[in-house]
Amino acid sequence: MLTQNPQSTLVYAQHAHPVTVARIAPSGFYAASGDTSGLVRVWDLASGELMLKLQTQALSGKITDLQWDGESKRIIAVGDGRERFGHAFLFDSGSSVGEISGHSKPINAVAIRRQRPFRAVTAGDDTHVVFYTGVPFKYSKTLSGHTRFVQDVAYAADGSTFASCGSDGQVLVYDGQSGDQQQALGEQQAHNGTVYGVSYAPDSKHLATAGADGLVKVWRVENGECVATWDATERAASKVDAQLVGLVWAQPQVLIAVGLGGALYVLD
């Protein structure tokens, strides 16, 4: 999340293990963070004192992603574990609000539709995207359009579509309510190699993707047309450092991508 002054920051240092993900609730009042031990901590942002609201052992292994629902009441955390690869719970009590099932290998990413009726999707190393209805969240169907690891999923702000990307170079777009696949972006592949990140514009009409080929591409959702491309290899120290492993559409005119070398690229 960008503020008017990006230099203004808060540091939360209460995890005992390396932190893997942090997300701010849509309300802006709380943040949730997960670590390599499977612990999720929910903490207060409104007061500036970062007081702990909830601590829960969501999984027995590393948390790879977590998301808030549109009402800032529920969280789905995903990753690795012995008993399960995902957990859905209330942010204040930790009580379960469904079952995240359908994967046979660790889950890499999760996205939740902001509007009712709620929907959720997860992306896993088993090459599958799993679609859930809710709440409570429950398995609906498995989507098998990818042929290799699925790295990321994202929902449009208006809930009309969601998208997935993977190690097969594909970016697939689906109907946001039914989960049915609508289109694949690009003539054959969206990127030459793994696509690590996908993020929608606030207007839900465009989405951006970032890949190991060092490219950020902006696509028009309606027809799948690529309308802009930016190449990190022109600025990175090497092609390895230029591999883009994450992406967020932070504001209407601002994209932020992260390279394997640790650099953050802020794109207008």
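**Exercise 1. In the hairpin of β13 and β14, which residue takes a positive phi, and how many residues lie between the strands?**

Solution. The model is predicted. Start at the turn: 4 residues lie between β13 and β14. Among the residues of this hairpin, G169 takes a positive phi near 80 degrees. Next, look at the pairing. Strand β14 covers residues 171–175 and runs antiparallel to β13, with 5 bridges joining them. Finally, find a facing pair: C165 stands opposite V171 in β14.

**Exercise 2. In which sense do β12 and β13 pair, and over how many bridges?**

Solution. Strand β12 spans residues 150–155. It pairs with β13 in the antiparallel sense, over 5 bridges. Across this pairing, D152 stands opposite C165 in β13. Now go to the hairpin. It has 5 residues between the strands, and G159 takes a positive phi near 75 degrees.

**Exercise 3. Are the faces of β13 covered or open?**

Solution. Begin with the rule. In a regular strand, side chains alternate between the two faces of the sheet. Apply the cut-off: buried means under 20% relative accessible area. One side of β13 holds T161, A163 and C165, all buried. The other side holds F162, S164 and G166, also buried. Both faces are covered. Count for the strand, residues 161–166: 6 of 6 are buried.

**Exercise 4. Why does the radius of gyration of the chain agree with that of a compact globule?**

Solution. Take the length: 268 residues. A compact globule with that many residues would have a radius near 18 Å. The chain has 18 Å, so the two agree. Add the burial: 51% of the residues are buried. Then add the secondary structure: 0 helices and 22 strands.

Definitions and conventions: Residues numbered from 1 in each chain as written. Predicted model: local features only at pLDDT ≥ 70, side-chain atom pairs only at ≥ 80, totals over all residues. Heavy atoms only, no water. Helix = DSSP H or I, 4+ residues; strand = E, 2+ residues; numbered from the N terminus. Rg over C-alpha atoms; globule rule 2.2 N^0.38 Å. Buried < 20%, exposed > 50% of the residue type's maximum accessible area, 1.4 Å probe, protein only. Pairing = 2+ DSSP bridges.
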